[in-house]
Amino acid sequence: MAELEGIDVTAPPSGTGCAECLAAEGWWVHLRRCAQCGHIGCCDSSPAQHATAHYKASGHPLIRSFEPGEDWFYSFETGEAYDGPALAPPEHRPVTQPVPGPEGRVPADWQSHVH
């Protein structure tokens, strides 16, 4: 997988949370990292689904989980999961960050908002 176009192992993550959710004071369930540019977006279970929106806007087809203990890659183009190379650190969100997150923004009825 490391030799495939669409992975830049030197691109750092854009932050520790979903870039768009943080800007809009939103929240997420899980985080995904663009393997090409490092953009951090929220997963498709999240209300806003920013990782998929980033793929559609940028054409960057590969994401990696940005969750602790998960190192899988996923291709939006093929719908398949892959093993892949280590990316520039940090490789996951802070372990102190709650799921869902970020702390203080998740509604009490969050489960009724997931996809």
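1. Which side chain makes a polar contact with the side chain of His 60? In this predicted model, the partner is the side chain of His 54, and the distance is 3.5 Å.

2. His 60 sits in the loop between H2 and strand E3, the latter spanning residues 62–65. With a relative accessibility of 16%, His 60 counts as buried, because the cut-off for buried is under 20%.

3. Leaving aside residues up to four places away in sequence, His 60 touches Cys 34, Gln 36, Cys 37, His 54, Tyr 55 and Phe 76. The polar partner named above, His 54, is thus listed among these contacts. Two other residues in the list, Tyr 55 and Phe 76, also belong to an aromatic cluster, taken up next.

4. The count of aromatic pairs is 2. One of them joins Tyr 55 and Phe 76, which are stacked, with 4.7 Å from centre to centre and 10 degrees between the planes. This pair links distant parts of the chain: Tyr 55 lies in helix H2 (residues 50–58), while Phe 76 lies in the loop between strand E4 (73–75) and strand E5 (81–82), 21 residues apart.

5. Phe 76 also pairs with Tyr 74. Here the arrangement is edge-to-face, at 5.6 Å centre to centre and 90 degrees between the planes. Tyr 55, Tyr 74 and Phe 76 together form one aromatic cluster.

6. Is Tyr 74 buried, exposed or partly exposed? Its relative accessibility is 27%, so Tyr 74 counts as partly exposed. His 60, at 16%, counts as buried.

How values were computed. Residues are numbered from 1 along each chain as its sequence is written. This is a predicted model: local features need pLDDT of at least 70, side-chain atom pairs count only at pLDDT 80 or more; totals for chains, interfaces and linings use all residues. Side-chain values use heavy atoms; hydrogens and water are left out. Rings of Phe, Tyr and Trp (its six-membered ring) pair if their centres lie within 6.5 Å; planes under 30 degrees apart count as stacked, over 60 as edge-to-face and the rest as tilted. Helices (H or I, at least four residues) and strands (E, at least two) are DSSP runs, numbered from the N terminus. Buried means under 20% relative accessible area, exposed over 50%, partly exposed in between (1.4 Å probe, protein chains only). A polar contact is a pair of N or O atoms within 3.5 Å; within protein, one must be able to donate a hydrogen and the other to accept it, and residues adjacent in sequence count only if both atoms are side-chain atoms. Contact means heavy atoms within 4.5 Å.
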